[in-house]
Amino acid sequence: MEINNPNPSKMDRKFIERNRRIQMKALYSKLNSLVPHHTSREAISLPDQLDEATNYIKSLKANLERMKEMKDGLRGLVERANTSRSYGSKSPQIQIQEIGSSLAIALNTGFNSQFIFNETIRIVHEERVEVVNANFSVVDDDTVFHTIHLTIGEPSAAARISQRLNKFVHDVDASNKY
């Protein structure tokens, strides 16, 4: 007895389409698992999942660009601080650069001028900004290079902090000359 299959290509197309849908569902699921979810565990539609993934990727891209700008800015800040450094002078030097919602401070002091760094941190804390990172390196026998990275909440805080720190370093420098 022979079984007649009136349209074998139609069955093949159904099988291929079914496999394609299964594969697409697995890929959507994998994509969705990579996106952080801030909502409850409710089931969300596929277009909403794709929108959420697209927005997440865009935010990652913007964050990457901001971080690259910050990195380039910090490199420039360090290079300027290194080229403007006067090895024969023990005068403190400060350079401040605003990068988005961050502030980078490069401070050169003498080896025995730790109070300048401490006062800089005190001023920053008075302005109620977050210190993300603070470190130092001893450059030669009498020069210490400090870097301080801040996250500022309000745009006007950067100008206030810059003004206060520049005045403080200028006042210290002026008092050392007399």
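In this predicted model, four strands come together as an open, antiparallel sheet, and reading across it gives the order β1-β2-β4-β3. The two edge positions are taken by β1 (93-99) and β3 (130-140), each of which pairs on one side only. From one strand to the next, the twist averages 15°. As a reminder for tracing the sheet by eye, strands of a sheet pair through backbone hydrogen bonds, either parallel or antiparallel.

It is convenient to walk through the sheet one pairing at a time. At one edge, β1 is joined to β2 by seven bridges, and the two strands run antiparallel. Within this pairing, Ile-94 has Leu-107 of β2 as its bridge partner. The two strands form a hairpin with two residues between them, and Gly-100, in the turn, has a positive phi of about 65°.

The next pairing links β2 (residues 102-109) with β4 (residues 143-151), again antiparallel, through eight bridges. Here Ser-102 is found opposite Thr-151 of β4. Packed on the sheet is helix α3 (residues 114-126), which touches β2, β3 and β4 and whose direction makes about 10° with that of β4.

At the other edge, nine bridges hold β3 and β4 in an antiparallel pair. Phe-136 sits opposite His-146 of β4 in this pairing. As with β1 and β2, the connection is a hairpin, with two residues between β3 and β4. For readers following side chains along any of these strands, it helps to recall that in a regular strand the side chains alternate between the two faces of the sheet.

Attention can now turn to the helices α1 and α2 and the space enclosed there. The model contains two cavities of 30 Å³ or more, and the second largest has a volume of about 40 Å³. Its lining is made up of Tyr-28, Leu-31, Asn-32, Val-35, Leu-46, Gln-49, Leu-50 and Ala-53. The elements giving two or more residues to this lining are α1 and α2 (46-84), with α2 giving the most, at four residues. In character, the lining of this second largest cavity comprises six nonpolar and two polar residues, with no charged ones.

Finally, a word on confidence. The chain averages a pLDDT of 81, and 83% of the residues score at least 70. Confidence is highest in helix α1 (residues 8-34), at a mean of 90, and lowest in helix α4 (residues 155-177), at 81. Over residues 85-89, the pLDDT falls below 50, although this stretch has eight contacts in the model beyond near neighbours in sequence. Where pLDDT is low, the predicted coordinates should not be read in detail.

Technical notes: Residues are numbered from 1 along each chain as its sequence is written. This is a predicted model: local features need pLDDT of at least 70, side-chain atom pairs count only at pLDDT 80 or more; totals for chains, interfaces and linings use all residues. Side-chain values use heavy atoms; hydrogens and water are left out. Two strands pair if DSSP finds at least two bridges between them. Axes are lines fitted to C-alpha atoms, for helices over the stretch in contact, and angles run from 0 to 180 degrees between N-to-C directions. Contact means heavy atoms within 4.5 Å. pLDDT is the predictor's confidence in each residue, from 0 to 100. On a 1 Å grid over the protein atoms alone, a cavity is a set of points where a 1.4 Å probe fits but cannot get out, and a pocket is an open set with protein on both sides within 12 Å along at least five of seven lines; lining residues have an atom within 4 Å of a point. Grid points are joined across faces, edges and corners, and a volume is the space filled by probe spheres set on the points. Ala, Val, Leu, Ile, Met, Phe, Trp, Tyr, Cys and Pro count as nonpolar, Asp, Glu, Lys and Arg as charged, and the others, Gly among them, as polar.
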